[in-house]
Amino acid sequence: MPDRQPVTLQDVQEAAERIKGVAHRTPVLRSRTLDELVGAEVHIKCENLQRMGAFKFRGAYHAASRLSAGQLAKGIAAYSSGNHAQAVALAARELSTTAVIVMPQDAPRSKLEATVGYGAEIVTYDRYTGDRAAIAEALAAERGLTLIPPYEHPHVIAGQGTAALELIEEAGQLDALVVPVGGGGLAAGSAVAAKGLLPDIRVVGVEPEAGDDTKRSLDAGHRVSIPVPRTIADGQALDTPGELTFSINRRLLDGISLVSDDQIREAMRFAFERLKTVLEPSGASALAALLAHRVDPLPRRVGVILSGGNVSAERFAQIMAG
């Protein structure tokens with residue numbers, strides 16, 4: 001018998017049942033203006049309207065909810081540039097446990113404040129010199145905490161895949177799915193769900209031009225590290241794809257499109273002015289790829305995931321001003 005894949009459609013479907021009633025079933029929007037600009041029928045999954053403002057709550061809550069009573073009693077740990085931090089903090093609060101989060105010193109203030117607001121303890125580090133995973137692992141070992149990584153975990157990946165599952169359940173037959181890629185958890189989970197339901201669908205990941213570690217890795221056939229990216233898309237500013245996520249994305253992704261910071265900025269503006277919704281830079285990257293015609297060939301019916309909207313008013317204004 002072939003080896004079981006690390007995450008399957010059944011895993012995603014079981015995750016959907018587990019998070020039902022806790023995570024929001026976010027809306028799927030349509031825009032005639034977007035369809036005309038893109039040249040396709042676009043179905044927009046609004047994970048910026050998820051609890052804590054991003055898809056990350058799906059995977060964090062799913063993973064945390066599967067811990068034993070003993071593990072929950074001791075608490076959980078995580079490392080994140082922002083959205084996974086908030087997601088784990090909120091999941092911990094929902095499950096009546098505690099969370100300690102390792103975050104970069106330059107994480108957006110709004111994300112730091114929101115994480116603290118959900119009740120988590122924050123430990124900061126320098127993202128350009130420190131190893132966040134090593135710091136979190138040492139902290140978890142010292143305190144007896146269970147570490148929930150942002151993407152390198154099958155339960156996290158399965159939880160993230162529920163966004164694509166819901167999108168396809170509502171939109172029906174899609175020819176392509178366009179999804180942001182950071183560490184690769186959303187892309188991996190989405191690809192598992194999408195190709196499990198629609199075997200002929202194309203799944204296209206989107207990265208910022210400055211943070212193209214997954215594209216380089218797919219082109220090379222193995223994981224490639226790049227200098228820590230400097231991009232407005234802080235949620236996608238990673239230097240190396242995850243080992244587990246890359247093993248799935250290498251098999252299931254049909255390609256990676258790259259977008260510039262200016263194209264991300266214009267997608268944020270379009271979402272604000274025409275869709276009446278607020279996106280953070282990482283949350284707008286997949287939409288940016290469609291608006292900039294970076295998905296080629298573009299089929300008739302396309303799904304796109306807007307992955308998050310955690311950006312302060314001040315930061316949003318700064319980005320719009322260039």
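Two strands pair if DSSP finds at least two bridges between them. Helices (H or I, at least four residues) and strands (E, at least two) are themselves DSSP runs, numbered from the N terminus. With those terms in hand, let us walk through this structure.

This is a predicted model, in which local features need pLDDT of at least 70 and side-chain atom pairs count only at pLDDT 80 or more, while totals for chains, interfaces and linings use all residues. Residues are numbered from 1 along each chain as its sequence is written, and side-chain values use heavy atoms, with hydrogens and water left out.

## The four-stranded sheet

Strands S4 and S5 are joined by five bridges and run parallel. One pair to look for is Val102, which stands opposite Val123 in S5. These strands belong to an open sheet of four strands in the order S5-S4-S3-S6, with parallel pairing. At its edges are S5 (121–125) and S6 (146–147), each pairing on one side only. Helix H6 (residues 109–117) lies across S4 and S5 and runs at about 175 degrees to S4. Such angles run from 0 to 180 degrees between N-to-C directions, and the axes are lines fitted to C-alpha atoms, for helices over the stretch in contact. Contact here means heavy atoms within 4.5 Å.

## The six-stranded sheet

Strands of a sheet pair through backbone hydrogen bonds, either parallel or antiparallel. A second open sheet has six strands in the order S1-S2-S10-S7-S8-S9, and its pairing is mixed. Strands S1 (28–29) and S9 (255–259) stand at the edges with a single partner strand each, so one side of each has no neighbour in the sheet.

Which residue in S8 is the bridge partner of Ala176? The partner is Arg202, and S7 and S8 are joined by five bridges and run parallel. S8 (residues 202–208) is also joined to S9 by five bridges, again in parallel, and there Glu207 has Leu258 of S9 as its bridge partner.

S7 is mostly covered, with five of its five residues buried; buried means under 20% relative accessible area, exposed means over 50%, and partly exposed lies in between (1.4 Å probe, protein chains only). In a regular strand the side chains alternate between the two faces of the sheet. On one side of S7, Ala176, Val178 and Pro180 are buried, and on the other Leu177 and Val179 are buried too. Helix H14 (residues 281–291) lies across S2, S7, S8, S9 and S10, at about 155 degrees to S10.

## Helices that pack together

Two packed helices are described by the angle between their axes and the distance between the axes. Helix H9 (residues 162–171) is largely enclosed by the rest of the structure, because eight of its ten residues are buried. Among them are Leu165, Glu166 and Ile168. H9 packs against H10 (residues 185–197) at an angle of about 35 degrees, with the axes 7 Å apart. Ala164, Leu165 and Ile168 in H9 meet Ser190, Ala193, Ala194 and Leu197 in H10. These contact residues divide into six nonpolar, one polar and no charged. For this count, Ala, Val, Leu, Ile, Met, Phe, Trp, Tyr, Cys and Pro are nonpolar, Asp, Glu, Lys and Arg are charged, and the others, Gly among them, are polar.

Helices H13 (residues 261–275) and H15 (residues 313–320) come within 10 Å of each other by their axes and cross at roughly 120 degrees. They are therefore oblique to each other (angles under 35 degrees count as roughly parallel, over 145 as roughly antiparallel, 65 to 115 as roughly perpendicular and the rest as oblique). From H13, Arg265, Met268, Arg269 and Phe272 make the contact, and from H15, Phe316, Ile319 and Met320. This contact has five nonpolar, no polar and two charged residues.

## Backbone details worth a look

Most residues other than glycine have a negative phi, and most peptide bonds are trans. The table gathers three residues with a positive phi.

| Residue | Phi |
|---|---|
| Ser96 | near 60 degrees |
| Lys276 | about 55 degrees |
| Gly172 | about 85 degrees |

Ser96 sits in the loop between H5 (83–94) and S4 (99–104) and is exposed, with a relative accessible area of 71%. Lys276, in the loop between H13 and H14, is exposed at 67% relative accessibility. Gly172 comes just after H9.

Where is Pro297 placed? Pro297 lies in the loop between H14 and S10, and a cis peptide bond with omega of about 0 degrees joins Asp296 to Pro297.
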